[in-house]
Amino acid sequence: MAKLIDSGKATDGQIKDFKKFFSARYAIEEEDGGTRTPPPKQIAPQALQDSGIPAIQEAVINYN
């Protein structure tokens, strides 16, 4: 989902699911004690890196 969001190809349903399952992990605590969650487009690149998928893809592509 992060790749789809990052590329602008995600459906509304996919964005909703991404928010539901991943947004809390990337919530930012504010000075006043509250929290805010950045929009999916902002956190998608980090979520993709955290998933480990790019490293796996690179390993598979470079496997000889």
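Me: Hi! Which residue forms a salt bridge with E30?
Reply: Happy to help. This is a predicted model, and in it E30 forms a salt bridge with R36. The closest N and O atoms of the two are 3.0 Å apart.

Me: And how many salt bridges does the count come to?
Reply: The count comes to 1 salt bridge.

Me: How accessible are E30 and R36?
Reply: E30 has a relative accessible area of 32%, so E30 is partly exposed. R36 is partly exposed too, with a relative accessible area of 39%.

Me: Switching to rings: how many aromatic pairs does the structure hold?
Reply: There is 1 aromatic pair in the structure. The pair is made by F18 and F22, whose ring centres are 5.3 Å apart.

Me: Stacked, edge-to-face or tilted?
Reply: Tilted, because the ring planes of F18 and F22 are at 40°.

Me: Where do F18 and F22 lie along the chain?
Reply: Both are in helix α2, which covers residues 12-22. F18 and F22 are 4 residues apart, so about one helical turn separates them.

Me: Is each one buried or exposed?
Reply: F18 is buried, at 1% relative accessibility. F22 has 33% relative accessibility and therefore counts as partly exposed.

Me: What about S23, where is that one?
Reply: S23 sits in the loop between α2 and β1, with β1 being residues 28-29.

Me: Buried or exposed?
Reply: Buried: S23 has a relative accessibility of 9%, and the cut-off for buried is under 20%.

Me: Which residues is S23 in contact with, leaving aside its neighbours within four places in sequence?
Reply: With those neighbours set aside, S23 is in contact with F18, T37 and I43. F18 is the buried member of the aromatic pair we just discussed.

Me: New topic, the surface. Which residues make the nonpolar patch?
Reply: M1, F21 and F22 make a nonpolar surface patch of about 300 Å².

Me: Where are M1 and F21 placed?
Reply: M1 is in the segment before α1, which is residues 2-7. F21 is found in helix α2.

Me: How accessible are those two?
Reply: M1 is partly exposed at 39% relative accessibility. F21 is exposed, with a value of 56%.

Me: Last one: how far apart are the C-alpha atoms of F21 and A59?
Reply: They are separated by 27 Å. Along the chain, F21 and A59 are 38 residues apart.

Methods: Residues are numbered from 1 along each chain as its sequence is written. This is a predicted model: local features need pLDDT of at least 70, side-chain atom pairs count only at pLDDT 80 or more; totals for chains, interfaces and linings use all residues. Side-chain values use heavy atoms; hydrogens and water are left out. Rings of Phe, Tyr and Trp (its six-membered ring) pair if their centres lie within 6.5 Å; planes under 30 degrees apart count as stacked, over 60 as edge-to-face and the rest as tilted. Helices (H or I, at least four residues) and strands (E, at least two) are DSSP runs, numbered from the N terminus. Buried means under 20% relative accessible area, exposed over 50%, partly exposed in between (1.4 Å probe, protein chains only). A salt bridge is a side-chain nitrogen of Lys or Arg within 4 Å of a carboxyl oxygen of Asp or Glu. Contact means heavy atoms within 4.5 Å. Patches are made of residues with over 30% relative accessible area and no salt bridge: like charges are joined within 9 Å, nonpolar side chains (Val, Leu, Ile, Met, Phe, Trp, Tyr) within 5 Å. Accessible areas come from the Shrake-Rupley method with a 1.4 Å probe; for residues, only the protein chains shown count as cover.
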